[in-house]
Amino acid sequence: MTERSDLTMSSRAADAARDAWDRFPALHTANAATQNAPASNATAWGLSEQAPISNLPPISLGGGIPDADTQPRAELLAAMQRVLDAPGDAPLVYGGPQGFEPLRREIGAYFASRHPSQPGADWYLLTNGAAGAIESVCASFIDPGDVVITEIPTFAGSLRTMRGKQADVIGVGMDDEGIRLDELEATLDRLQSAGRTVKLIYTQPTFHNPTGLTMTLRRRLDLIELAARRRVLLMEDHAYSELYFDEPPPPTLSELTDGFGVLTVGTFSKVIATGLRVGWVQARPDWIQAMVPARFDMGNSPLLHRMLHEYMVHGDFPQHVEQMRQLYAHKAKTLASALEPYQEPYYEVAEPSGGFFLWLRLRSGLTGDRVRDEAQRDGLSFASGNRFYPGGDGGADGESVRLAYSWPPTAVLEDAAERLGRAFHRAANGG
Ligand SMILES: Cc1ncc(COP(=O)(O)O)c(C=O)c1O
């Protein structure tokens, strides 16, 4: 039984703790890396921008999130049931640093089927999504002050991760074929002759976020050669690669080098659901082993790994991905066609051949922020393009907006285009 005197003492202890900590600024206690981490925003977390202020029903073209109505709920539930019905408690205990081996094997067989080495389980480290994979790569290979080169624009979340790991992030522009190699070479010349350590080049060769662009095979080969000559690691992010509309994309950088000098990042987020939080680093086994010591989180969920494995081997997965390819091809076309009447004079677009995004480069003096704000008045949300630039503006690229057609129902995309058309008009004509 608790004595009255114990209770008095415990309330004195609570008072002392409150007095000591109540007004103590938490941020003062955070380490330098956390204090210097860039502020986060909805786009970096894959969420929609602010809730739209409008009487119209909200439409979000904000986050890179799979279609809401076609997630394979029944199949995932059945897979989970089979996992939990199996004898033994393996799904419910720790699973080790690399993640469930049969799932790693399955990922290799499906996602790297064109790879010269046919990566097996030892080529994978399973992580908390592709974001966790990028964080693991940075945690293992980046020292504070090392340089990471990224394409600009690029995925806002990766910029945050790299800066949070105290890398110096330097952007290199893109053209229609991918990252610009003349600019990359000049940047490497400048940095390496100043004695800087350029550790990584981060690229999204296929269905790039935010531009939707796919790097040509020629550019991939030239990039590999340049990076090898300068001995800089390539980190390729293939979050969207499976979601091609017609033809499969060119080979991954890893397929082209048999994995030498390349760390590949992948995820189930875009082909199934972002809430799974299961992704991976794929690399030659000695590089995976080099990363294992930097893992401190006791691994990811063995339960989810087993559910996904069960889902994949049951044969449901390829069919789901195939349906998603057709669905996103249709959604991309629907939105692009519905926007066409506004193209002249308001924007230019390179229609994507896969992935989730339309990237509109604005004309007529429009700014991304202004168009976004005007659209919000009609209940439509999406990201202004400046979110994807390390410096916070498009610089020489000019102004842009990113429209994610992936998540809302196809039926609302024409309405979204009409609202955007009105927003263009108001932004161009002073409100
Ligand atoms: C290019 C890219 N990489 C990585 C991620 C993070 O994905 P995950 O949910 O697998 O962490 C995203 C999410 O939007 C992305 O667009």
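**Entry 1: backbone oddities**

I began with Gln118, which is exposed, having 11 other C-beta atoms within 10 Å. I am working on a predicted model here. What made me stop at Gln118 was its phi, near 45°, a positive value in a residue other than glycine. I found Gln118 in the loop between H5 and strand E2 (124-127).

Next I looked up Phe207, where phi is near 50°, again positive in a residue other than glycine. Phe207 belongs to the loop between strand E7 (198-203) and helix H9 (217-229). Is Phe207 buried or exposed? I count 26 other C-beta atoms within 10 Å, and 20 or more make a residue buried, so Phe207 is buried.

**Entry 2: cis peptide bonds**

I then turned to omega. Ile152 and Pro153 are joined by a cis peptide bond, with omega about 0°. I placed Pro153 in the loop that runs between strand E3 (147-151) and helix H7 (156-164).

Glu344 and Pro345 are also linked by a cis peptide bond, and there omega is about 20°. Pro345 sits in helix H13, so I kept that helix in mind for the domain entry below.

**Entry 3: H5 against H12**

Back to H5, the helix before the Gln118 loop. How do helix H5 (residues 101-111) and helix H12 (residues 302-313) pack? I noted an angle of about 45° and axes 9 Å apart. The two helices are therefore oblique to each other. I also wrote down that the crossing of H5 past H12 is left-handed.

For the residues involved, I listed Pro102, Leu103, Glu106 and Tyr110 on the H5 side, and these meet His305, Leu308, His309, Met312 and Val313 of H12. Sorted by class, this contact has six nonpolar, two polar and one charged residues.

**Entry 4: the two domains**

Last, I checked the domain assignment, which gives domain 1 as 53-71 + 319-428 and domain 2 as 73-316. Their C-alpha centres lie 26 Å apart. To the contact, domain 1 brings 27 residues and domain 2 brings 29 residues.

Which elements give two or more residues to the side of domain 1 that touches domain 2? They are helix H13 (316-346) and strand E12 (357-362). H13 gives the most to that side, with eight residues. I closed with the classes on the domain 1 side: 16 nonpolar, eight polar and three charged residues.

Methods
Residues are numbered from 1 along each chain as its sequence is written. This is a predicted model: local features need pLDDT of at least 70, side-chain atom pairs count only at pLDDT 80 or more; totals for chains, interfaces and linings use all residues. Axes are lines fitted to C-alpha atoms, for helices over the stretch in contact, and angles run from 0 to 180 degrees between N-to-C directions. Helices (H or I, at least four residues) and strands (E, at least two) are DSSP runs, numbered from the N terminus. Angles under 35 degrees count as roughly parallel, over 145 as roughly antiparallel, 65 to 115 as roughly perpendicular and the rest as oblique. A crossing is left-handed if the near helix is turned anticlockwise from the far one by less than a right angle, and right-handed if clockwise. Two residues are in contact if their C-beta atoms, placed from the backbone, lie within 7 Å. Ala, Val, Leu, Ile, Met, Phe, Trp, Tyr, Cys and Pro count as nonpolar, Asp, Glu, Lys and Arg as charged, and the others, Gly among them, as polar. Domain bounds come from an automatic or database domain assignment. A residue is buried if 20 or more other C-beta atoms lie within 10 Å of its own, exposed if 12 or fewer, and partly exposed in between; C-beta atoms are placed from the backbone.
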